[in-house]
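Please walk me through this structure in connected prose, with each term explained where it comes up.

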Amino acid sequence: MAKFIARRLGLSLVIFFFVTFIIYVLEYSLPTSYVEKTAMELASRPGSQKSAEQWIQELNAQYGMDKGIVQGYFVWFGNSAKGNFGDSWSQTMPVTQLFQKCIWYSFVMGLIAFILEIIIAIPLGVLAARKQYSMTDYTVTVVSLIGISMPTFFMATIFKLIFSVKLGWFDLIGMQGRNYAILDRTGQLLDLANHLVLPILTLTVVSIGSLMRYTRTNMLEVLNADYVRTARAKGLPENKVISHHAFRNTLIPLVTILGGSLPGLFSGALITETLFGIRGIGYYSYNAMVGGDIPFTMFYLAFIAILTLLGNLISDILYAVVDPRVRVN
Amino acid sequence: MSKNFNEVLKQRELNEKKEEKVMSLDSTERIKVLSPGQLVFKRFINNKLAIVGSVILIVMFLFSFICPLIYPYSQTQIFYKYDDSIIDYAQAVERTDYVITYAEGAEELSYKVKNYLTLNINSLKSSGEKEMLINGADGNNYRLEANEDHVYTLYKNDMEKVASISSAVKYGEYKMLGKELTLEAGVEEVAGFDAALEKAIKAKEKEFSAGGKSFSLVQNKKVYTIMLAGEGISYEGKKLSTEFEDAFNANAEGGSFEFAGDTYRVAKEGEDSVAYKLGNETKVALLTNYVIDAVVSGTTLSNEFQNAAIEALIGNKTFSADGKNFTVKNENGELSIYDDDNSEMPYSIISTHVIRRYNGEDTIDIALKEKIREVVAKMDEEGELTSTFEWELAQVNSEGEYTYDADGNLIKQPRTFTVKNKNGSYVLSVAQVVYLIDTFAKPTAQHWVGTDGDGMDVLARMMYGGRVSLIFSFIVIFIETFLGIILGGVAGYFGGWVDNLIMRMVDVFYCIPSMPILIILGSLFDALKLKPYIRVGWLMIVLGVLGWAGVARMVRGQILSLREQEFMVATEAVGLRTKRRIFKHLIPNVMPQLIVTATSGLGGIIITESTLSYLGLGVKHPLATWGTMISSVSSAEAMKAYTYIWIPVGLLICLTVVAFNFVGDGLRDAFDPKMKR
C-alpha cells in the first residue's frame, strides 16, 4: 500500500510539474503590451502603492518573465516552492494573505452544499433504483438530468428573481446587509449566513443531479448482482437486502468519488461566487483572471491543479481501502 | 347440393394455397432477422426519454437552422419606432449682454469701461432717466443716452467737474449715560457747541446751530449721533454766481441745466451731487441687446445689416444695407424690418430674446419663434413660471431630418409645448415624435418575444443564438473526438512507451483547470480586441484541445479490451494489414461508445459556451448567443422587467442540453443493452 501511494504521489508530482509548466507558458506568452497595460491600469488605481514599472519589475523577479521560458519557469517554481507567490496586483496584498482571507468563505459554502448534496441525492438515487421504471424513477431521472443541464448562471438568476426580487427574502448580491456595521457578533454571523443561503442553494441544486444519477446507476448495478439475488432467495426482508447487502456495496464507488471531491471544497465556486458577490476564492480569482492580475491567477491555477491531483490520489487510495477485492499491485 | 358444397370448399382451398406459400415449422423464413443497425434503432425508439430528446433536438434544429430562412428578421437588424419623447426642444433667453457697435472713427473702449457698461445700462434703466454720466475707469468721462428701450448710445464727453454739494458728515456722538461726548477724529471744534447741544437735547430738537454751523441730531436709543450739515456748494475752480447755485440746488438730485451758454449736468456720486460742465462730445458706440432674426430660416444677416438696422431703429427708420433698402416698422410693439421691394412679409424681426434649439441648429421657423416670444412676453408680464401652448411640430426620423408624406408635405403633429422659466431663461420642452430605436419592446404581433436592449428582435436572436451554440458545440466535439481517436487509438493499439507517454499527457490535460483558462483567454481576447468570428474560432480550438483527454482515455480502454477479443486475434491470424485491422475492425467497434460520449458531451459544451458568453468572455456582439442574451438583462431591474426575454432563452439552453443528455442515454442503452439500467 505504501509503495502504491508513493508511486501515485511521485506520478502526481510529475503531472503537477507539467500542468504548472503549461499554465506558466500560457501566462508567459501573454502579449507584453497586455501585461504592461494591465500593470499601468492597476498602478493608476486609487490605493495602489506601486508604480507600473515596479509591478513589472517584481513580476520579472518573481516569475522570471524576462528570462527564457524554461529558465523563467524554474525561477517561478523555486519561488513558489518557498511559499513566495508575490503580491496580488488587484488587491495590493501578498497572494497568500489574500488566500487566507477568502478561502474560508468558499470552504464553508462548499462544505454545506456538499453535505446537503449527499443528504438529498443519495437517498433519492437509491429510491429511484429500487423502484426502477416507476413514476418516482422517471421523476428522479428527469429532475437530475435537468439539474445537470441547467447552467449555473441561469439557475442563479432564477433564484435571484424568485427569492430576492419577488419575495425579497435575501439580498441580490453581496455578503453584508445594509446594517451590518451596527449588528452585534451573532447578528453579523446571521447576516452572513443569510447572504450565503442563495449561493449554497444554487451550488446544491446544480451539483445534486450528477450524484443522484451516479447513485442510481451504481445501485442498479448492485441490485442486479448475484449476491443480492442470493440474499433475496434466502428470504431476507427487502429492507435488510437493501440496507445491508445492496447499499453497502453501492457505497464503494460513492465513497471513492465523494472522497475524491473533498479537496474540491477548497477550490471555490467561480461562477456562483461571482454572481452572488461572495468574497471567496472563486470571486477573487475570477476578478484576477478578468483583470489580468497575473500573480493571483498563477497561484489559483496551481492551487486548483494541486487540488485536482489530490482528489485523484484520494479516490485511488479510497478505492483500494474501501473495496477489499481490489488488490493493489 | 352436397356435391356442390364440396366443390366450393375445394375451390376455396385451392385459392388459399395460391395466395399463401406453405411454410414449414422449422423454416428459417419464420425468423425475422434484424440487422445490428435495425436492432439499435428499434431499441432506441422504444426508449421514451430518448424519443422525447430526439423530438426536442429536431425541433431545436428546425428552429435554429430552418426558421431563420423563413423568419423575416435577421439577428443584427435594428428596429425603430416613432415615439413620443419629451425633449428640451428650445431655449429662449433674454439677451442681457449688450452688443457694442462702434461709431465710425471711434476708438475701441478700454476693457475697464466695457466691463461696467452692462451695469451702467442697468442702473440707467432702473433710474428711469434718459441719460447718465459715467466716470470711466480709463480716465475719460462718458455720457450714456437711452435711445429706445433696448438701444443706448455712448458718447465720450470732455466734461469738467465744476462744483459739488456735499451732504452731512458725522460730527460726533453723545451718550446720555454719563453725558459723554466723543467727537469724530479730525473735526474742527466749534465754540459754544456743548451748550447748544445740551439745549437741543433738552428741548428735543432735531436741529441746532452753533458757531455759525448747523447740526442735526439722530437719536438711537440713548445715543445721539451728531451730524454736521453740508456746507452748501463747494467749487473746484473759481466761484460762480448765485444764479448758478440756484440752478444747481434746483437740480441737486440730478438733471441738467443751462448756465451762461454751457450745459451742466448734475450727477449723484454717493451722497454728494456733482455738477459737470459738458464739453465736446463724440459718439463712441451704439449698444443694444436686440436680436435680429431673419424670417426665412437659413438667411444669414450681415454685420453691416445688423448695425444699420439698429441705427435706423433710433433714427429715421430706413436704411440700406447689402445693396437693398429696408424699413423698420413698429407694429403693436413688435419691431420688424421690411424689405422695401417686398412689403408683404417682414424680412427680419427684432426682439430681445435669443431663441435657439438645444441641438445648436437654428431650425425653428419664424412663426414658432414669434409664438414663443409672445408666450414668453406674456409670462414675463404676468410673472408666470410655467406656461403651455399648442403648436404643430414636424416629425423627424432617426437622422433628425424632417419626414414628408407621399405628397412631399411635412408630416406635422399638434404638440403641447411646455415653457418653464428657469432663472430667467425659458426652456421649452415638448413631446416630439422622433424616430428612435425600439428597445425592450413588449411582445407584439411583429415581435413575438419583443426586442432587446439594442432594438433587435429577440426571437430572431434566439434562432441565430441556437445556431451559434449548436454549430459551436458540434465543431468542438469534432475536434475533441478527432484528437481523442488519434491519440487514444495510437496509445491503445501500440501500447508500450507510446501508451505510457500519451496516458501521462491525458493525466496532465485532465488536471488543467479549463474554465479558468477559458476566462483568462476570454479577457485576453477582449484586450486584443479580436473580431467576433475569429474569437469564436479560437474558443472552439481551445475547448477542443482542452477536452480531448476524456475521449482518448475512453478510446484507449475500448481498444485495449477489443484487442484481446477473438475476432481481433482472427484478423491477426488471417494476416490482415494493420491499416485494415484498425479501420475495418477496431474503429467500427469503438464507434458506438464514441457516439454516446460525443452526444452526451455536446450538452456540456453548450453549457460552457453559454456560461462564457454570459460572463461576456465568449461569443461577442453582434453575434447572438443565448448566454449573452441572458446577461444583457441580468441587472436587478431588467431581470424583473424582462422575464419574457431571459426565461425563454434559459429554457432553450436547458432543453437543448437535456435533449442531448436524453439522446446520449438512449443511444448508450440502445447500443449496449447490457448497460441498460
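With a disulfide taken as a pair of cysteine sulfur atoms within 2.5 Å, the count over all chains comes to zero. Two of the cysteines can be placed by their accessibility, for which buried means under 20% relative accessible area, exposed over 50%, and partly exposed in between, with a 1.4 Å probe and protein chains only. Cys102(A) counts as buried because its relative accessibility is 0%, and Cys511(B) counts as buried because its value is 2%.

The model is a predicted one, in which local features need pLDDT of at least 70 and side-chain atom pairs count only at pLDDT 80 or more, whereas totals for chains, interfaces and linings use all residues. Residues are numbered from 1 along each chain as its sequence is written, chains are lettered from A and ligands numbered from 1 in the order in which they are written, and side-chain values use heavy atoms, with hydrogens and water left out.

Chain B has 677 residues, of which 43% count as buried. Its secondary structure comes to 17 helices and 25 strands, where helices (H or I, at least four residues) and strands (E, at least two) are DSSP runs numbered from the N terminus. If contact means heavy atoms within 4.5 Å, then among the contacts in chain B with a separation of 6 or more, 61% are between residues 24 or more positions apart.

In soluble globular proteins, nonpolar side chains tend to be buried together. A nonpolar core is here a set of buried Ala, Val, Leu, Ile, Met, Phe, Trp, Tyr and Cys residues joined through side-chain atoms within 4.5 Å. The largest such core holds 149 residues, and Met462(B) and Ile519(B) are the ones that touch the most other members. Helix α17 of chain B (residues 643-671) supplies the largest share of this core, with 13 residues. Leaving aside residues up to four places away in sequence, Ile519(B) touches Leu270(A), Tyr286(A), Met289(A) and Val290(A), as well as Leu612(B), Leu615(B) and Leu617(B). A second, separate core of 23 residues includes Phe114(A), Ala121(A), Val126(A) and Ala246(A).

Ile519(B) also takes part in a pairing of helices from the two chains. Helix α12 of chain A (residues 281-291) and helix α11 of chain B (residues 514-528) pack at an angle of about 35° with their axes 7 Å apart, the axes being lines fitted to C-alpha atoms, for helices over the stretch in contact, and the angles running from 0 to 180 degrees between N-to-C directions. Here Tyr286(A), Met289(A) and Val290(A) meet Pro516(B), Ile519(B), Ile520(B) and Ser523(B).

Chain B also contains an open sheet of five strands in the order β17-β21-β20-β19-β18, with antiparallel pairing, two strands being paired if DSSP finds at least two bridges between them. Because β17 (291-294) and β18 (318-321) of chain B stand at the edges with a single partner strand each, one side of each is left without a neighbour in the sheet. β18(B) and β19 (residues 324-331) of chain B pair over four bridges, and Ser320(B) has Asn325(B) as its bridge partner in β19(B). Helix α7 of chain B (residues 303-314) lies across β17, β18, β19, β20 and β21 of chain B, and runs at about 170° to β18(B).

Two loop residues remain to be described. Most residues other than glycine have a negative phi. Tyr133(A), in the loop between α5 and α6 of chain A, has a positive phi near 65°, and counts as partly exposed because its relative accessibility is 46%. Lys529(B), in the loop between α11 and α12 of chain B, has a positive phi of about 55°, and counts as exposed because its relative accessibility is 68%.
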